[in-house]
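Student: I've got a model open and I'd like to learn how to read it. Can we go through it feature by feature?

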Amino acid sequence: MTTAADGTAGPAVRVRFLGDFELTVNGAPVQRWRAGKARGLFQYLVVHRGQMLTRDRLYASLWPGADAAAGSSLKVAAHALRRVLDAHPDRPGDSGIRLVYRDFGYVLHVSGLWSDLDRFQELVHTGLRAAAAGDAPLARTRLRAAIGLYGGEFLRGESADWVVEQREYLRALALRALGVLRADAEAREDFVELIEVCKRTLEIDRHHEETYRALMAAHGRRDELACVRRWYELCVRRLRDELAVAPGPETQRLANTLIPIAARAAAPAPVSAVTGAPPATVRALRPAARRAGTPAGTPAGNPAGTPAGNPAGTPAWSPDARTTALARPVRRARSDNRAAAALARAADQATA
């Protein structure tokens with residue numbers, strides 16, 4: 001491989017894992033790989049560089065299900081990798097990369113390596129330690145830089161098990177960093193940064209319910225109730241359509257607190273297309289006295305009109321009661337066949 005010098009004192013190898021994979025050696029991008037698994041082998045070896053990786057481990061990670069005893073695929077990929085990167089074990093070329101076979105496996109040595117993966121982890125860990133020590137400015141600086149490096153998921157487009165494991169670890173690390181930045185922005189009441197941090201979080205995890213609550217609260221502090229409603233509806237829709245779950249009670253209570261009840265009550269109740277009656281969810285939100293069939297005109301304090309278990313004078317409905325009703329699954333009404341059964345029994349007795 002021919003590389004172009006960039007004027008630096010020594011070899012410079014730069015690897016980007018976050019987002020689209022990119023390798024440059026002395027400023028020249030490496031784009032052509034001689035074997036299909038040569039690039040995957042290099043990626044795995046760089047992440048675990050300096051370690052002796054056995055053939056069995058390499059086969060289990062890169063060729064799952066293949067026979068490691070044959071060894072031909074690994075040998076072909078290793079040979080191609082040496083030719084692409086000038087990575088001869090005894091005579092490393094301008095790349096400063098050496099791929100060494102030792103005992104029953106391989107070990108990779110790289111001189112002058114910079115990796116966005118290493119830098120991202122370093123920044124997150126130092127930022128989290130600073131936050132735990134109470135050094136908010138240092139934590140803010142480190143974590144902002146880390147999120148700036150997080151250009152996308154680890155090795156985007158790859159699906160090997162070892163890639164998915166590493167991807168989920170780094171994704172969780174990014175969410176932890178964003179969580180600290182979100183709490184810091186809330187404490188400083190910096191709503192502009194808070195909203196940006198929340199939007200960045202949802203780019204990584206579109207189902208992060210705590211982030212939706214932070215956005216609702218931030219817009220609520222600014223009396224932007226339409227934004228509160230839209231973020232809540234987006235949260236409900238994504239959780240329902242993509243995960244088949246409902247928002248938690250804390251999210252629903254926050255929505256009930258921030259969005260005026262009068263505005264919700266002013267919206268027309270949906271009507272069943274079959275029976276013409278309000279659906280079961282709406283019936284569940286009616287006052288208990290109406291559900292029990294209390295005749296019109298019954299005094300509010302009349303014990304006869306008080307549902308069982310509801311002491312006299314207790315309001316029949318409250319925002320918390322509405323939240324509880326929404327959290328319960330809606331059951332379909334079943335037809336009552338008791339009257340038909342009684343008529344059948346009477347007919348049998350008459351003919352006996």
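**Strands, helices and cores**

Tutor: Start with one bridge: V13 has L113, in β7, as its bridge partner. Strands here are DSSP runs of E with at least two residues, and helices are runs of H or I with at least four, numbered from the N terminus. This is a predicted model, where local features need pLDDT of at least 70 and side-chain atom pairs count only at pLDDT 80 or more, while totals for chains, interfaces and linings use all residues. Residues are numbered from 1 along each chain as its sequence is written, and side-chain values use heavy atoms, with hydrogens and water left out.

Student: In which sense do β1 and β7 pair?

Tutor: The general idea is that strands of a sheet pair through backbone hydrogen bonds, either parallel or antiparallel. Two strands count as paired if DSSP finds at least two bridges between them. Here β1 (residues 13–16) and β7 are parallel, over 3 bridges.

Student: What is the strand order in the open sheet?

Tutor: The 4 strands run β3-β2-β1-β7, and the pairing is mixed. β3 (28–29) and β7 (113–115) are the edge strands, each pairing on one side only.

Student: Now helices. Which residues of α2 are buried?

Tutor: An α-helix has 3.6 residues a turn, so residues three or four places apart point the same way. Buried means under 20% relative accessible area, exposed over 50%, and partly exposed in between (1.4 Å probe, protein chains only). In α2 (residues 55–62), the buried ones are L58, Y59, S61 and L62. Their cover includes α1 (38–47), β4 (53–54), α3 (72–85), β6 (105–110) and α6.

Student: What does L41 contact, leaving aside neighbours within four places in sequence?

Tutor: Contact means heavy atoms within 4.5 Å. On that basis L41 touches L58, L62, L74, A77, A78 and L81.

Student: Which residues touch the most other members of the largest nonpolar core?

Tutor: A nonpolar core is a set of buried Ala, Val, Leu, Ile, Met, Phe, Trp, Tyr and Cys residues joined through side-chain atoms within 4.5 Å. This one has 56 residues, and L23, W33, L41, F42, L85, F120 and F154 touch the most other members. Helix α6 (residues 161–188) gives the largest share, 9 residues. There's also a second, separate core of 18 residues, including L202, L215, M216 and C235.

Student: And H48: is that residue buried or exposed?

Tutor: H48 counts as buried because its relative accessible area is 15%. You'll find H48 in the loop between α1 and β4, where, beyond neighbours within four places in sequence, H48 contacts L53 and R57.
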